[in-house]
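Me: I should like to go through this structure and ask how its descriptive terms are justified. Please set each value against the definition that applies.

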Amino acid sequence: MDFSFGDRAESLRARLRELIAAHLPPDFLSPFTDDPEDFALTERFCRILGEEQLLALAWPPEHGGAGGDVWEQTVVREEMWAHYEPRGPQYMGLNWVGPALMRFGSPAQQERYLPRIAQGEIVWCQGFSEPEAGSDLAALKTRARPVEGGDGWLVNGQKIWTSYAQMAEVCVLLARTSDEGRRQQGLTLFLLPMDRPGIEVRGIDSLFGPHHVNEVFLTDVPVGPDDVLGEVGHGWRIVREMLAYERVGIARYARCDRLLARHREALADRWEELPQALRARYARALVHGRVARLLAYQVVDAQSRDVVDDADTAAARLATTRLDQEVAEVLMEGAGASALTPTGHPGAPLHGAVEDHYRYSFASTIASGTSEVMSILMARAIFGGDDGPATAG
Amino acid sequence: MDPRLPADVEEFGRSTAEMLRRRAGIELARRAQTGGEDPRAEASDLLGAIDVDGIDAQGSAEEALAAAELCRAAGAVVLPYPVGQRLCERGHGRFAVVADLAAPVVVDHADLLDAVVTLDGRLARIERRVPLDGKLSRFAAEVTVGEPEATVTPGDVALWLDLQAAYVIGGLERAVELAVEHTSDRRQFGRALSSFQALRFQVVEASLACRGALQLLRFTLWRLHEQPGDALVDALALRVQTQEAARRALAVSHQLHGAMGFANEHDLPFLTRGLQTAMRLPLDYEATTDALLRHVDAIGFETLYGRFTPGVAAPTPTSPV
């Protein structure tokens, strides 16, 4: 039993922190701002990581990666998420679109996309959720109808809550291609270039700021057999695997740890003036952060041995997403009225990171599978059997 | 990084749990709690059969993990015996960690112990014992102690606390198992209780808290040898998580058992009673959090991004905190 990362992974962590300190401003919080420079910054940072072979570190060399082990990959995830994901939208391609392509993509798709993902040159978006299909993803209505006399389809429907849709080059789109069998059986994944005719993207103003979430309207969008990821009708299985990658791909506990440590430092002597009950909540949050991290490591280890337990995965995600919200509340109270000072103003605690974390924390227990879905999965693993609704988890 | 329990420790834990389940089960706790008997000598013999004294819990992380597996197995049957205290025994005798030397000092299994030790490591001999014989404290006693006469290292204090946590975690895991078994068997409204999502989710919450405590226990014991200066603050963190798990798991298990959970024909009330002293002594939940906070302020808390309290470093392993 050994919880140390080892010299190689720790050197990697140090190098990543050097690069972050050298290339990111201390107030960087997201590429989703009104300032286009923030997005440009993520593109430049990805190129720097790509040059050092740090972008697709965990990928096998034949796909443009550096063959790093799962713990080096974990270090990358921790450092990137703790520093507001300076890879911008690239984490999606690296963490799960790429692995899914390696597993299910055709040789032509692998050749077309994997080297560009490894170099941080392509932005993806995920077309799963719909207005009437959130947790119940199999209820989606977007339909791909075969073109008469041809071998392709025309896609019609609407996707929603789609991150990066305005900047994405390709959408991983889940659509219904058949009504036969169980609802989950007639779904197919398409790798849809976003410049195809019939696609309209509209931003949704939200709690998270501009450009983060979008609606995508699809009207007679042509797709062909070359766009299918895996086999026609097998989309559900791939989505389940992709979501499993995504759920452990975000090291939320790392950002929480960093925020707590930074905020304690920023409070300096004012720490003593905080109510004892609030300081106790900081202490408990530190404990819960450590627990969330350990549960995540347990899943990473299991994944590396291909013995993933659904209950462990769900437990790790429940712990880390709740931690996000616990830390958000603690920091907001610790910052007091100054937490309301907008980002960019001199008085904003941690350059606005406190209020930013609070706003985003509400999404933690919703995105990539709600806490309720996680609880369903965990209960299924504990009790056995197949009670409860079918979920994409 | 290898977050898995070593295979031999895991096997030791599994076989010990099986042996205690088979040869003691909940029966020793039952006899102690309801029959007025003192089956601790039998418990001691059982532990002797697996060479409990051959485990050098202070010796290495692996031995500490084995000691914790033994305590966890004992907790699963709420074995009425100070197993953690025996594993922590050193030259100064068998001791209990206490919050303070000032009266009233309540200690579990006081008649089998020699001394008490405060969190900051002051050791004092037990001079007088007045048994409580309470419903939640069959073998606890209020003790009078002498003047402090020696110092125990933070690592020894921490190990004692960690092994108490292991005992509690074992009992909580069993309480959750019982809830799963009961809700799977019991039918109401024509369905198994386990088919109701509201009840399933409660079990999820209890299980989640226990899983977190178990992983933290193992990490804490590993760090005990890797970062001995943090032993005490880490042990207090583990205790906070364990106490949260205890509150959650016992409440859920009782709620889901309904009235059956009160009846002495069932195992659950014996678990609930049998865990109380380890859960509440020497510090209950709020007092543990206060102690954790004091230690965080004094020596910090290790995060992925440096120590939570700036400008302080972990003390040397042997200095009192």
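Reply: A residue counts as buried if 20 or more other C-beta atoms lie within 10 Å of its own, as exposed if 12 or fewer do, and as partly exposed in between. Please note that this is a predicted model.

Me: What makes A:Q53 count as buried, exposed or partly exposed?

Reply: A:Q53 has 16 C-beta neighbours inside 10 Å, so A:Q53 counts as partly exposed. This residue, A:Q53, belongs to the loop between α2 (36–51) and α3 (70–82) of chain A. Its phi is near 60 degrees, a positive value in a residue other than glycine.

Me: Why is a positive phi worth a remark?

Reply: Most residues other than glycine have a negative phi. A further case is B:F189, with a positive phi near 55 degrees, and it too is a residue other than glycine.

Me: Why is B:F189 called exposed?

Reply: The upper limit for an exposed residue is 12 other C-beta atoms within 10 Å. B:F189 has 8, and therefore B:F189 is exposed. It is found in the loop between β7 (187–188) and β8 (191–192) of chain B.

Me: What makes both faces of strand β2 of chain B covered?

Reply: In β2 (residues 105–108) of chain B, B:V105 and B:V107 on one side are buried, and so are B:V106 and B:D108 on the other.

Me: How do you know that β2(B) and β5 (residues 140–145) of chain B pair?

Reply: Two strands pair if at least two bridges are found between them. β2(B) and β5(B) have 4 bridges, in the antiparallel sense. Within this pairing, B:V107 stands opposite B:A141 of β5(B).

Me: Why is helix α8 of chain A called roughly perpendicular to helix α7 of chain B?

Reply: Angles from 65 to 115 degrees count as roughly perpendicular. The axes of α8 (residues 276–304) of chain A and α7 (residues 197–226) of chain B cross at roughly 90 degrees and come within 9 Å. Therefore α8(A) is roughly perpendicular to α7(B).

Me: Which residues make this contact, and how do they divide by class?

Reply: From α8(A) come A:R290, A:V291, A:L294, A:L295 and A:Q298, and from α7(B) come B:R211, B:G212, B:Q215, B:L216 and B:F219. By class, the residues of this contact are 5 nonpolar, 3 polar and 2 charged.

Me: What makes the bond between B:L281 and B:P282 notable?

Reply: The peptide bond joining B:L281 and B:P282 is cis, with omega about 10 degrees. Most peptide bonds are trans. B:P282 lies in the loop between α9 (268–280) and α10 (285–299) of chain B.

Note on methods:
Residues numbered from 1 in each chain as written. Chains lettered and ligands numbered in written order. Predicted model: local features only at pLDDT ≥ 70, side-chain atom pairs only at ≥ 80, totals over all residues. Axes fitted to C-alpha atoms, helices over the stretch in contact; angles between N-to-C directions. Helix = DSSP H or I, 4+ residues; strand = E, 2+ residues; numbered from the N terminus. Parallel < 35°, antiparallel > 145°, perpendicular 65-115°, else oblique. Contact = placed C-beta atoms within 7 Å. Nonpolar A, V, L, I, M, F, W, Y, C, P; charged D, E, K, R; others polar.
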